[in-house]
Amino acid sequence: MRKHLKFKQYRHELQREYQKVYRIIKPLYQQLVPLAIRHRHNYQHLVVSDVEIIATTILGQLHHFSSQLKWYQWLCRTRFARRPFIERSRYNRRCRDLVNLISLLRQAYVQRVAGDFKYVIIDSLPMPLCQPVRNLTATRLRDYADIGFNSSKRTPFYGFKFHCLLTNQGFVLNWQLTAASVHDSQVASDLLLSTSRDLVVLGDLGYLNQPQQRDLRANGIILWTPKRSNMSPTESAQQTRRLKRYRKRIETTFSSFTRSFNFEQPGSQTLTGIRLTVETILFTHTMEVVHALGQGRYGFNLAGGILN
């Protein structure tokens, strides 16, 4: 009892983690989102604001919840919100309606923290929607997905391909989702030209297309790929090994996506839901990279996340 007056009740751990995310989202929301959206009809009667919805969605990814339903149930059980939280169906609709804002805020955040980078890496990651045994009978998102080939596992799959550009620091600059049958080289030009000019890009043999490389060079983009065995090399063997080693860093990021966020198995049944999942994962990954660089660690070494 003598020590009772010295007792301090600290805030719940989840609230502390939430405040970290909220302090990142709120300034971006106030600076970038138009006033017509922020002050839309009856905005003052919202039980949960847009910033709170985005922050809780990203917090769920930080806690590695692959299911939005399970995250919502756990969120309600912890009594995280001091006031009554919105119901499950409304929470889902609000998240889907905010996917464009999440994309806008993520791109602005990447531009703010990425700074100058030496080069970017381009690659793709399969996103199967079913097990291989159901490739021919699957009907999920049939209008957008189809059957492709996973070269790393040497198996066909039904679903999408996630194409992205990664800086040498570990930030995802741009991404695109295509059907599984679309070849990597067919997406490279659109993805690179819509990102920036004066880029040095490292790719694998899937992007070896000499006419395309010449067109990109005319726009200030140098796309380097390894040469086939029957092609004359343009650089020394030591330089080729070094560039291949740099390019493999994107595989470390893809492994982190799969291990931490279950990226290869999106649970959504709609294209908007898959886009929401991808955007929140990339936003979470950007925060983790910033936290790692701030602690003096490598941008691809994300052990511990931002919650420690």
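**Angles, burial and salt bridges**

Me: Why are α3 and α5 called roughly perpendicular to each other?

Reply: Helix α3 (residues 50–62) and helix α5 (residues 88–97) pack at an angle of about 95°. Angles of 65 to 115 degrees count as roughly perpendicular (under 35 is roughly parallel, over 145 roughly antiparallel, the rest oblique). So α3 and α5 earn the term. The axes are lines fitted to C-alpha atoms over the stretch in contact, and angles run from 0 to 180 degrees between N-to-C directions. Helices are DSSP runs (H or I, at least four residues), and strands are too (E, at least two), numbered from the N terminus.

Me: What kind of model is this?

Reply: It is a predicted model: local features need pLDDT of at least 70, side-chain atom pairs need 80 or more, and totals for chains, interfaces and linings use all residues. Residues are numbered from 1 along each chain, and side-chain values use heavy atoms, without hydrogens or water.

Me: What makes Glu-264 and Lys-153 a salt bridge?

Reply: A salt bridge needs a side-chain nitrogen of Lys or Arg within 4 Å of a carboxyl oxygen of Asp or Glu. Here the closest N and O atoms are 3.7 Å apart. Glu-264 sits in the loop between α10 and α11, and Lys-153 in the loop between β2 and β3, so the pair ties together parts 111 residues apart in sequence.

Me: How do you know whether Glu-264 is buried or exposed?

Reply: Buried means under 20% relative accessible area, exposed over 50%, partly exposed in between (1.4 Å probe, protein chains only). Glu-264 has 16%, so it counts as buried. Lys-153 has 52%, so it counts as exposed. Glu-251, at 38%, is partly exposed.
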